[in-house]
Each structure stands twice: as C-alpha cells, then as structure tokens.
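This report concerns the arrangement of strands, helices and side chains in a single protein chain. The sequence and the coordinates are shown below.

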Amino acid sequence: MSPIAVEGPELSLGTAESYVALARPKIDPTQPGVIAAARDAGVSPEEFAGPGDVWTLMYDADGDGDGFELPGARDTEADAFAEQLQQALAAAEPFTVEAGNFLRLDARPAGADWTVTAHVTPPEGEEDGPAARTLELGALPASELLAELEQFRRELA
C-alpha cells in the first residue's frame, strides 16, 4: 500500500525519542493509499480521511506513545498557545504555558537551549484512553523552537 500523505498545521516539540505534537491533520480522500485503505476498511474514502478539522495531541516517550482528539478546539486557540510560547521564549526566563487543560509546558533556559517538560492530560471521559503523562523533552535549541513556532503560525494563517 502506498503511504498516505497528511497535511495540516502541526506544532511538534521535542526529539525523536520524546515529543508532543499538536496537529490538525487533513487527509486528501483522493489519494490512492486512502482509497485502498478505505476499501479494506469497508468505508468511503471521505469517511476514512475524516473531516480534517479536529485537533489532536500526540506524544511519545521512548516508544511509548499515544494521543487523543480535542473536539471543539479551534485554530485561534492553537495560535494563542503558540503566541504565548513565543513570548515566553523571548523573555528568556523560566516559564509555564498551557494549552487548555490538556497540555502544560514547563521550561527553563540552559544556555542557548531550553529544558522542556510537557504535562499531558487527556480529556475526561476517556475510559480506555491514555493516562496523564509527564514527558521530559530534553534540551531544545531556542532557535529551532522559535522557527517551529513561526512555521506553525504561518500554517494557521
């Protein structure tokens, strides 16, 4: 089966081993891989691709990852979180920023890097859903964080 391309805004913070990603995935239902996967699943390509307007939070720590949807989350809220994070980084002092009640980032400067800890809390009512997690994202270069935030905000505009 051919790979399925996923578009849409995504803010990914961390490393390959430990990360959090806030994304609004959009899949084109006309892709051959989507059509084949939908046929295998017994649904229409449009149903398989989904609406493309639901935000998700994904995370991973050493191969133990999970994620959840954020129904009702809006682009303006994602942009406000990114703006708040940009301002906190510019202040160059330890900070905490929150995205709703599902993601909190604690960060402190370490030279040209930021040591970042993510606190992930799934929405209530997810009986078999993921558990709350704390992830050490490591020392992240300030320049890369700022570039990621600028790109994310451009994708939202």
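The following text treats the two sheets, the helices, the nonpolar core, the aromatic pairs and two glutamine residues.

The model discussed here is a predicted one.

## The sheet β7-β8-β9-β10

One open sheet consists of four antiparallel strands in the order β7-β8-β9-β10. Because β7 (95–99) and β10 (133–141) are at the edges and have a single partner strand each, one side of each lacks a neighbour in the sheet. From one strand to the next, the twist averages 20 degrees.

Within this sheet, β7 and β8 are joined by five bridges in the antiparallel sense. The two strands form a hairpin, with three residues between them. In its turn, Gly100 adopts a positive phi of about 55 degrees. Strand β8 (residues 103–110) continues the antiparallel pattern with strand β9 (residues 113–120), over eight bridges. Ala107 is a useful point of reference: Phe95 stands opposite Ala107 in β8, and Ala107 in turn stands opposite Val116 in β9.

The side chains of β7 alternate between two faces. Phe95, Val97 and Ala99 point to one face and are buried, whereas Thr96 and Glu98 point to the other and are not buried.

## The sheet β2-β3-β5-β6

Another open sheet of four strands, also paired antiparallel, has the order β2-β3-β5-β6. Its edge strands, β2 (10–14) and β6 (66–70), pair on one side only. Neighbouring strands of this sheet are turned against each other by 10 degrees on average, direction ignored. Strand β3 (residues 18–23) runs antiparallel to β5 and is joined to β5 by six bridges. Ser18 has Ala61 in β5 as its bridge partner.

## Helices lying across the strands

Helix α3 (residues 75–91) lies across β7, β8 and β9. Helix α4 (residues 142–156) lies across β9 and β10, and α4 also lies across β2, β3 and β5. Helix α4 is thus placed against strands of both sheets. The angles to the reference strands are listed below.

| Helix | Strands crossed | Reference strand and angle |
|---|---|---|
| α3 | β7, β8 and β9 | β7, about 175 degrees |
| α4 | β9 and β10 | β10, about 110 degrees |
| α4 | β2, β3 and β5 | β2, about 165 degrees |

## The nonpolar core

In soluble globular proteins, nonpolar side chains tend to be buried together. Here the largest nonpolar core has 35 residues, among which Val20, Phe81, Leu85, Leu103 and Leu105 touch the most other members. Helix α3 gives the most to this core, namely six residues.

Leu103 illustrates how such a residue is surrounded. When neighbours within four places in sequence are left aside, Leu103 is in contact with Val20, Leu57, Phe81, Val97, Glu98, Ala118, His119 and Val120.

## Aromatic pairs

A pair of aromatic rings is described by the distance of the centres and the angle of the planes. The count in this model comes to two aromatic pairs. Trp55 and Phe152 form an edge-to-face pair, at 6.0 Å centre to centre and with 70 degrees between the planes. Since Trp55 belongs to strand β5 (residues 55–61) and Phe152 to helix α4, this pair ties together parts that are 97 residues apart in sequence. Both Trp55 and Phe152 are buried.

The rings of Phe95 and Trp114 have centres 5.2 Å apart and planes at 55 degrees, so this pair is tilted. Phe95 lies in strand β7 and Trp114 in strand β9, 19 residues apart, and the pair links distant parts of the chain. Phe95 and Trp114 are both buried.

## Two glutamine residues in the helices

Is Gln86 buried or exposed? Gln86, found in helix α3, is buried because its relative accessible area of 17% falls under the 20% cut-off. The side chain of Gln86 makes a polar contact of 2.7 Å with the side chain of Arg153. With neighbours within four places in sequence left aside, Gln86 is in contact with Leu146, Leu149, Glu150 and Arg153.

Gln151 is found in helix α4 and is partly exposed, with a relative accessible area of 34%. The C-alpha atoms of Gln151 and Leu11 are separated by 8.4 Å, although the two residues are 140 residues apart along the chain.

Note on methods. Residues numbered from 1 in each chain as written. Predicted model: local features only at pLDDT ≥ 70, side-chain atom pairs only at ≥ 80, totals over all residues. Heavy atoms only, no water. Pairing = 2+ DSSP bridges. Axes fitted to C-alpha atoms, helices over the stretch in contact; angles between N-to-C directions. Contact = heavy atoms within 4.5 Å. Buried < 20%, exposed > 50% of the residue type's maximum accessible area, 1.4 Å probe, protein only. Polar contact = N/O pair within 3.5 Å; in protein donor to acceptor, adjacent residues only side chain to side chain. Core = buried A, V, L, I, M, F, W, Y, C linked by side-chain atoms within 4.5 Å. Phe/Tyr/Trp six-rings, centres within 6.5 Å; stacked < 30°, edge-to-face > 60°.
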